[in-house]
Amino acid sequence: MFIQTWLLPFALLATATLMAFPLSQYLAWVMDGQYQPLPVFGWVEKKINSGPQNWKQYSGSLLIFNSVLFIFGYLVLSLQPWLPLNPDAKTLLAPSAIFNTVASFMTNTDLQHYAGDQHFSNFSQIFFGITNLFISAAIGLSALTAIIRALRSDASMGNFFIDIWRVVVYLFVPVAFIFALIFLQQGSPMTYKSSYQVTTLEQGAMGTTDKGEAKPQTIVVGPVAAFEAMKMLGTNGGGFYGMNSAHPFENPTALSNFFNTLAMMIFPFALVLMYGRMLNQMRHSLVIFMVMLTLMACTVIWTVYFDTEKPNPALTSHLARLYQIPNPTAASGKMSLEIPAISGLPVDQHLGNLEGKEMRFGTSAGATFAALTTDVTCGAVNAEADSLNPIAALSPMVGMWLNCFFGGKGVGMINMLLFIIIGIFLAGMMVGRTPEYLGKKIGGREIKLAIIALLVHPFMILIPTGIFAATVWGMNAISNPAAHGFSQMLYQFSSASANNGSAFDGLGVTFGFYNNPNPAPEAVAWDIATGLVIMFSRFLPLIAPIAMAAFLGSKKSSPFGMGTLRVDTFTFAVLLLGTIIVIGALLFLPVAALGPIAEHLGPIPFGG
Amino acid sequence: MNISPEISPDQLGPVRRVTRRALFEKQTSLAALKQAFVMLRPDIQWKNPVMFVVEVGAVLTLIFILQMLWGHEKISVPITYYIALDIWLFITILFANFATALAEERGKAQADSLRQTRQDTIAYRLQDGKAKAVSSAILTRGDHVVVTAGQIIPGDGEIIEGVAYIDESAITGESAPVIREADGDRSGVTGGTTVLSDRIVVQITGSKGDSFLDRMIALVEGAIRQRSPNEIALTLVLSAFTLIFLIVVVPLWPMSYNAEQYMMGYLGVSEPIKSLGTNIPTLVALLVCLIPTTIGALLAAIGIAGMDRALQANILASSGKAVELAGDVDILLLDKTGTITIGNRNATQFLPVGKYSENDVGVMAAMASASDNTPEGKSILKLHSAQSEIGIKVPEKSTFIPFTAQTRMSGVDLPDGRQIRKGAPDVIMQFAKDHGGSIPKELDAIVETAASKGATPLLVADGNMIIGVVVLEDILKPHIHERFARLRKMGIRTVMITGDNPRTAAAIAALAGVDDFLAEATPVKKLEYIRKEQAEGKIVAMMGDGTNDAPALAQADVAVAMNAGTEAAKEAANMVDLDSDPTKLIEVVEIGKQLLITRGSLTTFSIANDVAKYFAIIPALFASTLPWLQPIDIMHLHSPTSAILSAVIFNALIIPALIPVALNGIRYQALGADALLRRNLLFWGLGGVILPFIGIKLIDMIMVSLNLVS
């Protein structure tokens, strides 16, 4: 039992950690341009190289590039009915859904208010989907590289276009190719064909036509193996199918599930060490790595423990409970709320909570995946996050709220950098020196930029959640009452703002095709709100740190001395952990209490 | 002239002019209290963004109470709760204002005592060679004034003629008079000090209202309080935290409304169910508890108190920034003489060569020094008279040959034609050779041994005969080794500057325990050294007194000039040490570090405090809509309203409780950065998390036992 539950999560953490060492060396080698490109690649590099850039030019290129990507994505999706590779005649998506989807894929969020198998043609899957899977993932990594170059006071921040090229061609393509082959071998389809019509064994399982004939089942296929590899490696998380990694074509076996999960971890893990290698601060990056690993292990253990080892509280017996609550209509102003005893349902729960799990992968695979996918801002799912035990579901939310262990490619390390700057600012003063990071003094301007980048995230989660919680936009969309309904909204905005993309399904956000007669009532509001949140939470926290690093890097470097705060010690690790936990708790403890904790502690129908 | 220019050997612990004041003196406290109310004016309060937010919240709550009194707002909780809440919000602001005002009042008291030295006196201004009595107030830069024994020097200036004993106790508090003389590195005088002997002519260098002291007074009084870069950055961080908590608290209203709606639906009641989560004053209370009010209240006081501490150490700083920068110093340049060693070199040994005896060396050396007024010469005489009872007799009509930089020797030509000389080894050897003498074999070894011990050997020759060696040794100040060890622990590298040759310098450096030395230093060499270190990103501090130090002082990041030093040095420096104590830099560094540590620790404490407040307030907010959140309340507080009041009261009381810490500063200990961080993180960070749990529970228990809460 113990082995069955814990082997998978720990094997994953160990494998990803081991792979991070060689991979980070390769990453640093490529990003520092120490390779000798093939003649044809060299020719391309010369063509796209627009010269060394400063932080404004680099950020400008980043924004322009994204604008082009946005327009391109919008064109592909809005022309879907008229484009090739669409034998099943998929029609036009609702405009708000297109906006949401384009924003979402461009930013590596991949929040899906649609289902790929129902709403996308293979052309859209390839030219919109796969394109964005590669490129959006490269943007965060490029930004991190630029920040590293700034921090080590390079003459320029590099060239954005060259960085994107290096990431996509030399990093993503080869690794994705290997993973695609694994998925292909395990059973994922890889074809231009769109669907198969099959006769079901049980006659009429798919319903009958007006004439009384049994309908055939439509099985959607496509270039799934290629899609899947980059979906996971790029921590994108937007599935080919609506069911994402729980679908047997995306994730056919327990082995493919292992690689699926591993794929989303390797780049975020390796990037932290790349940071150390490129800055020549290996010990510092190992300290960061250990801090991240500790936090990640905590979230994984938390989720698995409360979901796989603990029963569903709603199905567990408990005594009658009596609560005193105010009642303005009663004479005393108070009334008692009585919750009757539950004797427990005849459900065997020794395997934990099995609702919404793919049993092919094992009992703990869903919880493990849920924790990891939110920690690395991937957002793919192989089990129903909505069905996690309430208190277990706190952990994926924490992963998205803190968004820095290990976080998305580049972005997670950048977020961690912000926590480092804030932590050092406080601690540096405590040792009696003007705070400095890597020998650069942290001044007002750097602090301002770090704070802007750090503020966006809680703002984009808490304010919209508040607005939706009090209006019909939220109240009409939730599928569960009380605390769980609140969690659904909270999760949706957390996922959008963390550029994660997973969701508590059940929230009514899908409009579907433009001609859909019964769209979810508040789908437009959700499309627009989350789309905007996604964009704000992507670009401000990307560009402000680039500027911050540029200002830091332009400062004179002071030498290391006895009075300097060391960033490669256990003390520093504790400081960093403390900073992250305290800031995180202060920001999100109230909503955690209103959502998962209230649901966990509350009786049915309020929670449980 | 019977004035000996010797420096008192004990300059390590100068007497403080201002002894540490009691924290809460009645007079200053009352003035501060009054000022605290004045500062409630929004246009003044605005300068402290964190407390301004509290003020807005307190006014909002007041409006809410008034609305309730007029019956516009439905009350679900007794109105006394709101009134108590509002009172405590205002008390919070008053505590904060009091802290700032108290620091300012204390500064003012300091400044007043300084200003007393500035009172108008009669000055005798030289006009056309005649002294004319005028008021000191009308003196301008460049005026020459005559000051004689018993008179007060009318303004800051430089002696251009004469030498005098001066009582500087008005400024430094030290009663022993000091020597100031023209044409030296000790020519600076300060207005308000008294001449005890002789007559001097002083050239006034600062006009009224523009002297260093005036600027310092203004700085301490807060009249021109510029915030240092670190303080600005910290203010930004605090504002950001305020904004963050606004982002946290504001959406709680609709979220609580959501919970209320559901509870109403479940119970099927039509009357709205109100929780404290949609209650504006309660949300204001939550916000006030969360935003960093503790550090926000004390930040200004910490800065003012830092300047105050510098003043208490008899340091006049040109800005708070300079003091703060001192905390960052990487390299400390110290003059050997007077800082590492006591005064000048003393003769300690006579070493004979050849057929001569020790006494011969002593006699010859003493004769050569008989009219040598340099400290070295005097020490030779002193040593000789200590070793033999028979004094020396220099025959009449002898000619004394003074020391010059060209000859590098001095001595006496006796009437019988004997030429007695003492001087640097190479010069005397040449002198002996020139007169046909030979060099004893063992001489080289003796000279070598003396030099390698850090001593300076002088040769004594009688015509062509070399008689022996006089060993001049530097005497290290007591405890200097410990001081450097302490600096090393602070992470500061000490560099000794000396005119000695590299070998002697190395020996003394090793003896004193400095990390590095700059031998045969010239002004240009010092300047180059500083520039080189700065190019590597280091912050260089330097202490100097002479005019030739001015370029290096101007280049150094932290430059402390001695008050006794020349005006050029003082102008180039950003701090002046009134005690003219060369080891004062160590104290300046500590004051700078203390400033930052106090700020950092109190900020950490302030933020760490919030964790406990959440545990008190969150269950209280949702007591009527999510009563099952009660297990979060690990403090088991009496009721929702008492929980919120306890948190607010704790939040207010912690401010005055920490005023002593803010004003006295958190002591800096030279432990190395890591150990210091562990210590402060544990004490202020972890302590900051735990303390409020205890404090809030205690306040709750007290209120319950006094029947103050329902």
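The following paragraphs describe chain B of a predicted model, moving from its overall form to two regions of strands and a helix, and then to the side that touches chain A.

Chain B contains 23 helices and 22 strands. Its radius of gyration is 35 Å, well over the 27 Å that the globule rule gives for 710 residues, so chain B is more spread out than a compact globule. The spans of the C-alpha trace along the principal axes, about 130 × 60 × 45 Å, describe the outline of the chain. Within that outline, 53% of the 710 residues count as buried, and among the contacts with a separation of 6 or more, 69% are made by residues 24 or more positions apart.

One part of chain B to follow in detail is an open sheet of 6 strands, in which the pairing is antiparallel and the strands are arranged in the order β2-β1-β3-β9-β4-β7. At the edges of this sheet stand β2(B), residues 130-135, and β7(B), residues 188-189; each has a single partner strand, so one side of each is left without a neighbour in the sheet. The partner at the β2(B) edge is β1(B), residues 122-127, and the two strands run antiparallel, joined by 6 bridges. One position that may serve as a landmark in this pairing is B:Leu126, whose bridge partner in β2(B) is B:Ala131.

Further along the chain, the strands β14(B), β15(B) and β16(B) offer a second region to trace. Strands β14(B) and β15(B) pair in the antiparallel sense over 5 bridges, with B:Ser410 standing opposite B:Lys422 of β15(B). These two strands form a hairpin with 5 residues between them, and in this hairpin B:Gly417 takes a positive phi near 95 degrees. Strand β15(B) also pairs with β16(B), again in the antiparallel sense, over 4 bridges, and here B:Ile420 has B:Asp462 of β16(B) as its bridge partner. Since 4 of the 5 residues of β15(B) are buried, this strand is largely enclosed by the rest of the structure.

Helix α14(B), residues 425-434, has B:Pro425, B:Ile428, B:Phe431 and B:Ala432 as buried residues. These four residues cover an arc of only 125 degrees around the axis, which puts them on the same side of α14(B). The elements against which the buried residues of the helix pack are β14(B), β15(B), β16(B) and β17(B), together with helix α15(B); the hairpin strands described above are thus among the packing partners of α14(B). On the face turned away from the buried side, α14(B) carries the exposed residues B:Asp426 and B:Asp434. The helix is followed by B:Gly436, which has a positive phi near 80 degrees.

Finally, the view may be widened to the two chains together, where 66 residues of chain B are in contact with 62 residues of chain A. On the chain B side, the elements that give two or more residues are the helices α7 (229-249), α8 (252-267), α16 (480-490), α21 (584-621) and α23 (673-705). Of these, α21(B) provides the largest share, with 15 residues. By residue type, the side of chain B that touches chain A divides into 39 nonpolar, 15 polar and 12 charged residues.

Conventions. Residues are numbered from 1 along each chain as its sequence is written. Chains are lettered from A and ligands numbered from 1 in the order in which they are written. This is a predicted model: local features need pLDDT of at least 70, side-chain atom pairs count only at pLDDT 80 or more; totals for chains, interfaces and linings use all residues. Two residues are in contact if their C-beta atoms, placed from the backbone, lie within 7 Å. Ala, Val, Leu, Ile, Met, Phe, Trp, Tyr, Cys and Pro count as nonpolar, Asp, Glu, Lys and Arg as charged, and the others, Gly among them, as polar. Two strands pair if DSSP finds at least two bridges between them. A residue is buried if 20 or more other C-beta atoms lie within 10 Å of its own, exposed if 12 or fewer, and partly exposed in between; C-beta atoms are placed from the backbone. The arc is that of the directions from the helix axis to the C-beta atoms. The radius of gyration is taken over C-alpha atoms; the globule rule is 2.2 Å times the number of residues to the power 0.38.
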